[in-house]
Structures are given as structure tokens and as C-alpha cells.
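Colleague: I should like to learn how to read the features of a model such as this one. May we take them in turn, beginning with a helix and what it packs against?

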Amino acid sequence: MEPELGDNLVALNMIRDLEVVDGRASLTLMLTTPACPYIDELVEQIRGAVLTVEGVSSVDVMVASNIPANPQLYGKNGLLIKNLIAISSGKGGVGKSTVAVNIAVTLAASGASVGLLDADITGPNLPLLMGLEGKRPITGMNKLQPLESYGVRVISMGFLMDPDRAVIWRGPMIHGAVRQLFTDVNWGELDYLIVDLPPGTGDAQLTMAQTVPVSGAIIVTQPMQLAVGDALRGVAMFREVNVPLLGIVENMSGEFFGEGGGAKLAEQQNIPFLGAVPLDSKVRVGGDAGQPIVIADPDSPAAVALRAIAGMVAIRLSKMALDQEGDDIPITVIE
Ligand SMILES: Nc1ncnc2c1ncn2[C@@H]1O[C@H](COP(=O)(O)OP(=O)(O)O)[C@@H](O)[C@H]1O
Ligand SMILES: [Mg+2]
């Protein structure tokens with residue numbers, strides 16, 4: 001059984017190239033995302049099931065993946081992006097950029113092609129968090145070439161601005177800038193584009209919702225009531241513009257800020273709760289040094305939580321894309 005898609009692997013067409021030669025079975029498990037959190041579990045179940053078949057003495061399971069594309073997004077505006085994830089928060093400083101960066105790096109490490117777009121035009125953080133500060137992207141054929149770090153293609157207004165000069169942006173300029181970061185960048189083919197939005201519910205958020213079909217939004221909140229109230233406004237905004245909510249992440253969970261506010265909000269709003277990331281100074285130290293925690297200290301509780309969140313996000317997106325395609329094509333092959 002595929003726990004998220006709620007059907008068996010054969011019915012979902014996820015078992016391929018099945019062969020039995022002299023009692024030795026071999027097959028490929030075709031996943032909907034390489035970041036699937038249940039790979040080991042599924043392989044074990046397959047082994048168990050195949051070995052009960054009479055005459056089979058051994059089984060070889062290969063694992064591959066084919067990420068379904070959001071049909072409303074793929075090919076739109078000339079962009080070959082299969083899934084677009086917006087990361088948002090009600091207020092600043094809750095760890096939105098940190099969550100965006102660690103999800104991006106985790107998905108890329110699983111083998112997916114991943115882009116990271118810094119839509120925080122007036123306060124771009126991604127150059128620092130991705131270890132790309134001071135770098136400049138090259139332009140070619142009228143398009144900007146993203147910079148690459150930890151296997152992720154990154155674009156940020158921070159690459160184009162003088163860090164010592166404050167730039168005053170008015171609404172229409174922000175609108176134009178965000179649009180260009182999507183359409184005037186040579187993203188190539190992407191399984192996932194992760195967009196780090198500025199905090200709140202302003203121009204950049206609306207531009208994005210109007211420019212590209214967002215597959216889903218994640219709302220990051222701190223545990224305490226003050227932050228949760230702001231997060232609720234974010235939930236309302238995405239509902240208004242018909243962007244599906246992938247779920248809520250509680251960040252900086254623990255003794256200092258408390259815990260449980262994110263899960264409670266998720267329950268009240270009937271949105272999935274994606275997980276809680278503990279408050280841990282190593283997250284900040286790694287961020288300041290351009291090393292996301294999933295790289296700097298992969299076994300730390302914060303890194304473990306962030307990886308689990310990335311897996312949940314990937315699997316939920318697959319499910320949403322498959323649901324939109326209709327039921328006769330369980331897996332699209334876009335090569
Ligand atoms: N779980 C955490 N534990 C400790 N520090 C964190 C955690 N998450 C984020 N931080 C730190 O908090 C600050 C704000 O995080 P950031 O991701 O920039 O927030 P936002 O993008 O929401 O403004 C950064 O210095 C970051 O390193
Ligand atoms: Mg930020």
C-alpha cells in the first residue's frame with residue numbers, strides 16, 4: 001500500500017519491469033518523488049509480498065522516480081516547472097527563509113532538480129543562507145543564469161543589488177521585479193521551484209499568485225499566539241487567491257517560544273500540519289555561515305525535522321498533481 005496515495009502499488013502502476021528468472025524476481029518501484037519518505041517501508045513490503053509467491057526464492061527491488069507535473073503550471077510562460085511551492089509567513093523573522101532553503105537542499109539531495117527563488121525583493125536573505133553572498137549571476141541570451149549551491153539553482157535580487165545601498169521600491173516595481181525573477185531567468189527544467197516570499201500579505205504575494213499557478217503554499221509560524229494570529233491572515237490570503245495550502249510548519253519550537261501553536265492552527269483551519277522544527281542555535285550559526293542545517297549537522301533534531309517536512313511536502317504535491325490529472329494516468333512521463 002502507498003500510504004499517501006491510498007491504493008496498492010500495482011493499481012497505481014508503480015511496479016514496473018517485473019521479471020522472474022529461475023526463481024529470482026526483479027522489479028522497479030517507480031515513485032512519484034525521489035524524496036518519498038516511505039521508500040524503505042515500501043521496499044520491505046514489496047520484498048515480503050513477492051517472497052510469498054510460490055517458486056520465488058529471491059527478489060531484487062530497484063527504485064526510480066517520475067515526478068508528476070502540475071498540469072496548470074508545466075509549460076506556462078515558457079517555463080518547464082513541474083511544481084511550485086510558495087513559502088510564506090505572517091511576520092518576519094520566524095524562519096521562513098531557513099525552512100525554504102532546507103527544503104530545497106533536501107529535495108535536491110534526493111535527486112530532484114530544484115530551483116529557489118528569493119521573492120523577498122526588499123530584504124533578500126537567500127544569498128547569505130545559501131553561501132552565495134557577493135556572487136553575481138551571468139546573463140546570456142537575455143536571460144539570467146541562476147547560481148548553483150548545494151545542487152539548487154538560486155536567484156535573488158540580492159545578486160543584482162548593491163548590498164550597501166537601500167533601494168526604495170514601490171508596489172508596481174515590486175510587481176515587475178518578482179515577475180522577472182520568474183520569467184527572465186533560465187531555470188531550465190525543474191521538478192520543484194521553491195519561492196521564498198517576503199513576510200505578510202503584500203504585493204509580492206499577489207504578483208506571484210497572478211503570474212504563475214502556485215501548486216501549494218507552506219505557512220511558517222512560530223509557536224506563540226502572536227505569530228499564529230499573523231499566520232492565520234496568511235492562510236486567509238492564500239484561500240482568497242485559490243492557492244492550495246500544503247500545510248503549516250512550526251519553527252523555533254521549544255521551551256523559549258512554547259510549542260503546539262502551529263499544530264493547533266492547522267487543526268482549526270483543517271490544513272495539514274507538516275511538523276515542528278526545534279529552536280536550536282546551530283540552525284542560526286549554520287545559516288549565517290551559508291550552511292543549511294541539513295548539510296551542517298544532518299543528524300540534529302532540527303535537520304531531521306526539516307528533512308521529514310520536505311518529504312511530506314513532496315509526497316503531498318505528487319498526490320495533488322495526480323489528482324488533477326484524472327485517474328486514468330497515474331504517472332506522467334515528461335522527459
Ligand atoms: N529553528 C531555528 N532555531 C534557531 N534559529 C533559527 C531557527 N530557524 C531560523 N533561525 C534563525 O532565525 C533568524 C530568522 O530566520 P529567517 O529564516 O531569516 O526568517 P524569515 O525568513 O522568516 O525572516 C535567522 O538568523 C535564522 O538563522
Ligand atoms: Mg527571510
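Modeller: The model is predicted. Let us begin with helix 1, whose buried residues pack against strand 1 (15-21), strand 2 (24-31) and strand 3 (58-65).

Colleague: Which residues of helix 1 are buried?

Modeller: They are Leu-42, Val-43, Ile-46 and Val-50. Viewed down the axis of helix 1, the buried residues fall within an arc of 100°, so they line one face of the helix. The face turned away from the buried side carries the exposed residues Asp-40 and Glu-44.

Colleague: What general rule underlies such a pattern of faces?

Modeller: An α-helix has 3.6 residues a turn, so residues three or four places apart point the same way.

Colleague: How many ångströms should helix 1 span, and how far apart are its end C-alpha atoms?

Modeller: Helix 1 covers residues 39-51, and at 1.5 Å a residue its 13 residues should span 18 Å. The end C-alpha atoms are 18 Å apart, which agrees.

Colleague: What does Ser-26 of strand 2 touch?

Modeller: Leaving aside residues up to four places away in sequence, Ser-26 touches Asp-17, Leu-18, Glu-19 and Asp-60. Ser-26 has 18% relative accessibility and therefore counts as buried, the limit being under 20%.

Colleague: Let us turn to charged pairs. What is the general idea?

Modeller: Side chains of opposite charge can pair when their charged atoms come close. In this model the count comes to 5 salt bridges. One of them joins the side chains of Glu-44 and Arg-47, at 3.7 Å from N to O. Glu-44 and Arg-47 are 3 residues apart in helix 1, and are therefore separated by about one helical turn.

Colleague: How accessible are Glu-44 and Arg-47?

Modeller: Glu-44 is exposed, with a relative accessible area of 51%, whereas Arg-47 is partly exposed, at 29%.

Colleague: Which residue forms a salt bridge with Arg-233?

Modeller: The partner of Arg-233 is Asp-230, and their closest N and O atoms are 2.4 Å apart. Both belong to helix 6 (residues 225-240), where a separation of 3 residues again amounts to about one helical turn. Arg-233 counts as exposed because its relative accessibility is 53%, while Asp-230, at 17%, counts as buried.

Colleague: Where in the chain do Lys-96 and Asp-196 lie?

Modeller: The side chains of Lys-96 and Asp-196 meet in a salt bridge of 3.2 Å, N to O. This pair links distant parts of the chain: Lys-96 lies in helix 2 and Asp-196 in strand 12 (residues 192-196), 100 residues apart. Lys-96 and Asp-196 are both buried.

Colleague: Is helix 2 largely enclosed or largely open?

Modeller: Of the 14 residues of helix 2, 12 are buried, so helix 2 is largely enclosed by the rest of the structure. The buried residues include Lys-96, Ser-97, Asn-102, Thr-106 and Leu-107. From its first C-alpha to its last, helix 2 reaches 20 Å, close to the 20 Å expected at 1.5 Å a residue. Gly-111 follows helix 2, and its phi is positive, near 115°.

Colleague: Which protein atoms are donors of the magnesium ion?

Modeller: The protein donors of the magnesium ion (ligand 2) are OG of Ser-97 and OD1 of Asn-125, lying 2.1 to 2.5 Å from the ion. They link distant parts of the chain, 28 residues apart: Ser-97 is in helix 2 (residues 96-109), and Asn-125 is in the loop between strand 6 (114-118) and helix 3 (126-129). Ser-97 is buried, with a relative accessible area of 7%, while Asn-125 is partly exposed, at 36%.

Colleague: Finally, which residues of the largest nonpolar core touch the most other members?

Modeller: That core has 44 residues, and Ile-85, Leu-107, Leu-116 and Ile-194 touch the most other members. Helix 10 (residues 301-325) contributes the largest share, 9 residues. A second, separate core has 39 residues, among them Met-157, Ile-174, Val-228 and Met-237.

Colleague: And what does Ile-85 touch?

Modeller: Beyond residues up to four places away in sequence, the contacts of Ile-85 include Leu-107, Ile-194, Gly-216, Leu-246, Val-313 and Leu-317.

Technical notes
Residues numbered from 1 in each chain as written. Chains lettered and ligands numbered in written order. Predicted model: local features only at pLDDT ≥ 70, side-chain atom pairs only at ≥ 80, totals over all residues. Heavy atoms only, no water. Core = buried A, V, L, I, M, F, W, Y, C linked by side-chain atoms within 4.5 Å. Buried < 20%, exposed > 50% of the residue type's maximum accessible area, 1.4 Å probe, protein only. Helix = DSSP H or I, 4+ residues; strand = E, 2+ residues; numbered from the N terminus. Contact = heavy atoms within 4.5 Å. Donors = N, O, S within 2.8 Å, 3.2 Å for Na, K, Ca; no water. Expected span 1.5 Å × (residues − 1). Arc of directions from axis to C-beta. Salt bridge = Lys/Arg side-chain N within 4 Å of Asp/Glu carboxyl O.
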